[in-house]
Amino acid sequence: MTMLEHHDREWLNNHIEAYTDGELSAKELIRFNDIANADQHIFEDVRLARQIAASLRSVPQDQCPEHVLSGIMAHVRQDIRSSAWGRFQSFFLKLNVAHFRPALAVAMLFLVVLSSTQIGNPTKEPTAQVSQALDEVKWTLAFLSEVGRTTGTTVRSDVIEDQVIGPMSRSLTTRSGN
């Protein structure tokens, strides 16, 4: 028996059930018949496969009792619930920090965009108390500005000119005159 014959025999054995059930495509049916005509033992296998199929169809199918089915389903549901936490844990234990980096980058980008759109948009008009406080702060800043200007002028005229510039200019004229 050559390798091609072995290959053909294996292909036939794998497709006998499909042949007996009429499930082969037209191309496969032609190939099956061509190979089967070369080996008459295949038709014995086909006859046996048809007998097995007929025997299986004649066996009555028993229905599973309802109480057995409900017990099995309850057990399966309980098993699924109990293993859900384990699957959840194993999923997150497998994750590495590197897996979260793209998600964190997207979240940060979303926060930056959201905050940049909210910064320039006041949500509501200021209340009367807030308006009054803003006016008082403006008056206080204006007063402090005036006090600072007056203090600067006083320090310049009374301290710097009288105490620093005057004595220095007198000492320079005295030294230059000698």
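In which helix is the place of L69? L69 sits in helix 4, which covers residues 66-94. The legends below describe close-up views of a predicted model.

**View 1. A nonpolar surface patch that includes L69.** The patch is formed by V68, L69, I72, M73, V76 and I80. Together these residues have about 460 Å² of accessible area. L69, one of the patch residues, has a relative accessibility of 39% and is therefore classed as partly exposed, between the limits of 20% and 50%. S70 also belongs to helix 4. With 39% relative accessibility, S70 counts as partly exposed.

**View 2. Helix 2 and its buried face.** Helix 2 runs over residues 26-38 and has 13 residues. At 1.5 Å a residue the helix should span 18 Å, and its end C-alpha atoms lie 19 Å apart, which agrees. F32, I35 and A36 are the buried residues shown in helix 2. Viewed down the helix axis, the buried residues of helix 2 fall within an arc of 100°, so they line one face. The other side of helix 2 carries the exposed residues A26, K27, I30, D34 and A38.

**View 3. The surroundings of H15 in helix 1.** Helix 1 consists of residues 3-21, and H15 is found within it. H15 has a relative accessibility of 18%, and counts as buried because the cut-off is under 20%. When neighbours within four places in sequence are left aside, H15 is in contact with L24, E28 and F32. Of these partners, F32 is also among the buried residues of helix 2.

**View 4. Helix 3, its buried side and the opposite face.** Helix 3 has 18 residues, for which a span of 26 Å is expected at 1.5 Å a residue. The end C-alpha atoms of helix 3 are 26 Å apart, in agreement with that value. I42, V46, A49 and A53 are buried in this helix. These residues cover an arc of only 60° around the axis, which puts them on the same side of helix 3. An α-helix has 3.6 residues a turn, so residues three or four places apart point the same way. On the face turned away from the buried side of helix 3 are the exposed residues H41 and S58.

**View 5. The salt bridge between R47 and E44 in helix 3.** Two salt bridges are found in a search of the whole structure. Side chains of opposite charge can pair when their charged atoms come close. In the pair shown here, the closest N and O atoms of R47 and E44 are 2.2 Å apart. Both residues lie in helix 3 (residues 41-58), with a separation of three residues, or about one turn of the helix. R47 is partly exposed at a relative accessible area of 40%. E44 is likewise partly exposed, its relative accessible area being 42%.

**View 6. The salt bridge between E146 and R149 in helix 6.** E146 and R149 form a salt bridge whose closest N and O atoms are 2.6 Å apart. The two residues are three residues apart in helix 6 (residues 128-177), about one turn of the helix. E146 has 40% relative accessibility and counts as partly exposed. R149 has 51% relative accessibility, and is classed as exposed because the limit is over 50%.

**View 7. The loop residue E23 and its distance from F100.** E23 lies in the loop between helix 1 and helix 2. E23 is exposed, with a relative accessible area of 58%. Along the chain, E23 and F100 are 77 residues apart. The C-alpha atoms of E23 and F100 are separated by 50 Å.

**View 8. The separation of S70 and S171.** S70, in helix 4, is paired in this view with S171. The two residues are 101 residues apart in sequence. From C-alpha to C-alpha, S70 and S171 are 115 Å apart in space.

How values were computed. Residues numbered from 1 in each chain as written. Predicted model: local features only at pLDDT ≥ 70, side-chain atom pairs only at ≥ 80, totals over all residues. Heavy atoms only, no water. Patch = residues over 30% accessible without salt bridge, like charges linked within 9 Å, V, L, I, M, F, W, Y side chains within 5 Å. Areas by Shrake-Rupley, 256 points an atom, 1.4 Å probe, with all protein chains shown as cover. Salt bridge = Lys/Arg side-chain N within 4 Å of Asp/Glu carboxyl O. Helix = DSSP H or I, 4+ residues; strand = E, 2+ residues; numbered from the N terminus. Buried < 20%, exposed > 50% of the residue type's maximum accessible area, 1.4 Å probe, protein only. Expected span 1.5 Å × (residues − 1). Arc of directions from axis to C-beta. Contact = heavy atoms within 4.5 Å.
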